[in-house]
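Here are my notes for you on a pair of packed helices and two pockets. Have a look at the structure first, then read on.

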Amino acid sequence: MAKDVEGPEGFQSRDYEDPPPTPFFDAEELTKWSLYRAVIAEFVATLLFLYVTVLTVIGYKIQSDTTAGGVDCGGVGILGIAWAFGGMIFILVYCTAGISGGHINPAVTFGLFLARKVSLIRAVLYMVAQCLGAICGVGFVKAFQSSYYVRYGGGANSLADGYNTGTGLAAEIIGTFVLVYTVFSATDPKRNARDSHVPVLAPLPIGFAVFMVHLATIPITGTGINPARSFGAAVIFNESKPWDDHWIFWVGPFIGAAIAAFYHQFVLRASGSKSLGSFRSAANV
């Protein structure tokens, strides 16, 4: 919890005591309704996320297909697609943060699990709910756009022509690192003590991170950075190319999330603790 302490020259500073790590395996969670409510929230949020975003992708391809009466600059364009993904994450994290933490992404859940923010049971149930929600969300898209869904690729992620596997994997690792690093930074409770003069609405930077990463990596991989998003689209589209490249959209995001968790917890937070210790020493002189 945060508390006020007196710093040099009488200025008020804030001290902060980190909460204890979440238990690795907490069987008692299985008896609590709050866990199942959170799992349901993750399922519904991921369903809505995939429904809106994949429908946006299909709609753009319909409107820009010159062979079917579209125009080159028709539809929302890549910028609009990036806004759809980032905007939906902003909305859904805002809606579900107080219930489930607003993960909506197995890579985010994995990173938070490595940092001991969620237990193994919660992490596994979240990932299952996210993948099932993604499948259902893309399934609704196919049901409502059945005449266009297969023709325009089903919103499935795959490596674009001209890029090798290493480039695609690197894009997913770096893109997910940006996202998960932003999640850690935006939700860090220590910010209230360290940067209380800089208010942060956590869903906003997280949504912007998704938006910016999509701008950079849509031309390379279609932008995964979310294994559930890639898995749901691959299951419903069910063509060989997305499945051949599918491992990239699990391995890359999980590596990126692990690096972000390590960087934030053991580099940034460790250096912050040392700085706080130095401040205390100076204050006691």
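The points below take the helix pair first and the pockets after.

1. This is a predicted model, where local features need pLDDT of at least 70, side-chain atom pairs count only at pLDDT 80 or more, and totals for chains, interfaces and linings use all residues. Residues are numbered from 1 along each chain as its sequence is written, and side-chain values use heavy atoms, with hydrogens and water left out.

2. Start with helix α2 (residues 77–96) and helix α8 (residues 203–221): they pack at about 155°, with axes 8 Å apart. Axes are lines fitted to C-alpha atoms over the stretch in contact, with angles from 0 to 180 degrees between N-to-C directions. Helices are DSSP runs (H or I, at least four residues), numbered from the N terminus. The pair is therefore roughly antiparallel (angles over 145 degrees).

3. Who touches whom? Among the residues in contact (heavy atoms within 4.5 Å) are Trp83 and Phe90 in α2, and Phe208 and His214 in α8. The contact residues divide into 18 nonpolar, 3 polar and no charged (Ala, Val, Leu, Ile, Met, Phe, Trp, Tyr, Cys and Pro count as nonpolar, Asp, Glu, Lys and Arg as charged, the others, Gly among them, as polar).

4. Now the largest pocket: 35 residues line it, and Gly101, His103, Leu112, Val183 and Thr187 lie nearest its centre. A pocket is an open set of points on a 1 Å grid over the protein atoms alone, where a 1.4 Å probe fits, with protein on both sides within 12 Å along at least five of seven lines; lining residues have an atom within 4 Å of a point. Its lining has 19 nonpolar, 12 polar and 4 charged residues.

5. Back to α8: this helix gives the most to the lining of the second largest pocket, with 5 residues.

Note on methods: Helices (H or I, at least four residues) and strands (E, at least two) are DSSP runs, numbered from the N terminus. Angles under 35 degrees count as roughly parallel, over 145 as roughly antiparallel, 65 to 115 as roughly perpendicular and the rest as oblique.
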